[in-house]
Amino acid sequence: MTNFSFRYASNPIDARKYDTQEIRNQFLIDNLFSENEINLTYSMYDRYIVGGIMPVSKDLKLETIPYLKSENFLDRRELGIVNVGGKGTVTVDGEAFELNKKEALYVGMGAKEVVFSSNEDKPALFYINSAPAHTHFPNKKVTKENAIVIQLGEEKTANKRILNKLIVNEIVQTCQLQMGLTELLPGNVWNTMPAHTHNRRMEAYFYFDLEEGQTISHFMGETQHTRHIFMQNNQAVLSPEWSIHSGAGTSNYSFIWGMAGENLDYSDMDICPPNELR
């Protein structure tokens with residue numbers, strides 16, 4: 001079964017007036033994983049799709065949705081997949097790719113059939129991002145060994161973390177989709193500081209591996225008009241091009257960042273010093 005929802009883009013001036021519930025309605029994606037279902041959110045931010053796929057007792061096929069107006073999901077799109085659960089398999093037009101936890105797969109435009117399955121009693125949890133594409137690039141699996149790994153942050157600022165670039169242009173040819181995974185080390189809680197924006201691309205953040213009973217406060221909004229969303233494990237949030245995207249948790253956690261737009265340059269960002277945020 002495939003469930004899907006739609007989100008319009010928000011004007012930053014309008015977003016300043018949103019109350020807590022409206023901010024959550026517009027930006028939070030809180031229903032990613034449900035047993036034997038595919039859950040998709042189609043966003044008007046660069047027509048980005050965020051989804052979760054949880055095969056338990058049967059395989060799940062990625063079907064087209066009405067917003068795409070296409071016979072197959074990937075007729076005019078590319079797809080990024082990161083497994084955040086038990087061992088699973090993604091079969092693309094008959095070719096099987098086994099994914100362990102925190103391994104990724106890029107699927108190029110034009111694939112006709114993409115099927116997801118779990119290989120163990122503990123179900124796989126496939127987190128997916130998709131963006132429009134203009135040409136086909138080859139499918140490619142990316143393991144932690146293939147990733148570009150960067151050590152970031154310091155203990156004294158509580159943001160020591162490991163950045164794993166997975167589906168990025170240095171490793172995988174893509175049209176516009178870029179994805180990576182960041183792991184906060186124990187005792188560290190802050191991500192993406194100093195905060196920044198980038199007007200040429202949007203992002204989506206997916207938070208996982210958060211201890212039960214803990215929470216993450218995701219900070220968003222314009223640098224001088226910030227807002228926050230309290231989030232739980234296995235939830236995602238949309239980040240418009242005008243918004244910062246940063247967070248702090250009550251314990252350490254991991255998160256996947258995905259983005260699309262006209263620019264593939266990871267370092268293209270407008271940084272706001274922490275003491276200038278409002």
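Author: Let us begin with one cut-off: a residue counts as buried when its relative accessible area is under 20%. Please keep in mind throughout that the structure above is a predicted model.

Reader: With that cut-off in hand, is Asn36 buried or exposed?

Author: Asn36 has a relative accessible area of 11%, which is under 20%, and therefore it is buried. Its place is in the loop between strand 2 and strand 3 (37–43), and, once residues up to four places away in sequence are set aside, Asn36 touches Met1, Met54, Pro55, Val56, Ser57, Lys58 and Leu60.

Reader: Which residues does Gly51 touch, and is Gly51 buried or exposed?

Author: Gly51 belongs to strand 4 (residues 49–54), and because its relative accessible area is 0%, it too falls under the cut-off and is buried. Not counting residues up to four places away in sequence, Gly51 touches Leu32, Asn39, Leu40, Phe126, Tyr127 and Ile128.

Reader: How should I read distance along the chain against distance in space, and how far apart are Gly51 and Glu154?

Author: The two separations are read side by side, as two cases show. Gly51 and Glu154 are 103 residues apart along the chain, and their C-alpha atoms are separated by 32 Å. For Asn36 and Gly94, the separation is 58 residues in sequence and 21 Å in space, C-alpha to C-alpha.

Reader: Burial leads me to the cores; how many residues does the largest nonpolar core have?

Author: In soluble globular proteins, nonpolar side chains tend to be buried together. Here the largest nonpolar core has 56 residues, and those with the most contacts inside it are Phe27, Val50, Tyr127, Phe206 and Ile256. Strand 18 (residues 201–208) gives the most to this core, contributing 6 residues. Apart from that core lies another, of 25 residues, which includes Leu68, Leu74, Leu105 and Ile128.

Reader: If I take Phe27 as a starting point, which residues is it in contact with?

Author: Leaving aside neighbours within four places in sequence, the contacts of Phe27 are Arg7, Ser10, Tyr18, Tyr45, Met220, Ile229, Ala236, Val237, Leu238, Pro240 and Trp242. Phe27 will come back when we turn to the cavities, since it is also among the residues that line the largest cavity.

Reader: Before that, how are the strands arranged, and in what order do the 7 strands of the open sheet come?

Author: Strands of a sheet pair through backbone hydrogen bonds, either parallel or antiparallel. In this model, 7 strands form an open sheet in the order 2-21-18-23-15-14-13, with antiparallel pairing. The edges are strand 2 (28–29) and strand 13 (148–152), each of which pairs on one side only. Within the sheet, strand 14 (residues 161–167) and strand 15 (residues 178–184) run antiparallel and are joined by 6 bridges; Ile162, for example, has Glu183 in strand 15 as its bridge partner.

Reader: And which two strands form a hairpin, with how many residues between them?

Author: Strand 7 and strand 8 form a hairpin with 2 residues between them, and Asp93 in the turn has a positive phi of about 50°. The two strands, residues 88–92 and residues 95–99, run antiparallel and are joined by 5 bridges, one of which can be followed from Val92 to its partner Glu95 in strand 8.

Reader: Now to the empty space: how many cavities of 30 Å³ or more are there, and what lines the largest cavity?

Author: The count comes to 2 cavities of 30 Å³ or more. The largest cavity holds about 70 Å³ of space, and its lining consists of Pro12, Ala15, Arg16, Ile23, Phe27, Met220, Gly221, Glu222, His225, Arg227 and Trp242. Helix 1 (12–15), helix 2 (20–27), strand 19 (216–222) and strand 20 (225–231) are the elements that give two or more residues to this lining, with strand 19 supplying the largest share, 3 residues. By class, the lining has 6 nonpolar, 2 polar and 3 charged residues.

Reader: What is the volume of the second largest cavity, and which residues line it?

Author: The second largest cavity has a volume of about 30 Å³, and it is lined by Leu62, Asn72, Phe73, Leu74, Ala111, Lys112, Glu113 and Val114, a set with 5 nonpolar, 1 polar and 2 charged residues.

Reader: Finally, what is the volume of the largest pocket, and which residues lie nearest its centre?

Author: A pocket is an open set, whereas a cavity is a space from which the probe cannot get out. The largest pocket has a volume of about 320 Å³ and is lined by 19 residues, of which Arg161, Thr192, His196, Tyr266 and Met269 lie nearest its centre. Strand 13, strand 14, strand 18 and strand 23 (254–261) each supply at least two residues of this lining, which by class has 12 nonpolar, 4 polar and 3 charged residues.

Key:
Residues numbered from 1 in each chain as written. Predicted model: local features only at pLDDT ≥ 70, side-chain atom pairs only at ≥ 80, totals over all residues. Heavy atoms only, no water. Core = buried A, V, L, I, M, F, W, Y, C linked by side-chain atoms within 4.5 Å. Buried < 20%, exposed > 50% of the residue type's maximum accessible area, 1.4 Å probe, protein only. Helix = DSSP H or I, 4+ residues; strand = E, 2+ residues; numbered from the N terminus. Contact = heavy atoms within 4.5 Å. Pairing = 2+ DSSP bridges. 1 Å grid on protein atoms, 1.4 Å probe; cavity = no way out; pocket = protein on both sides within 12 Å on 5 of 7 lines; lining within 4 Å. Points joined across faces, edges and corners; volume = space filled by probe spheres on them. Nonpolar A, V, L, I, M, F, W, Y, C, P; charged D, E, K, R; others polar.
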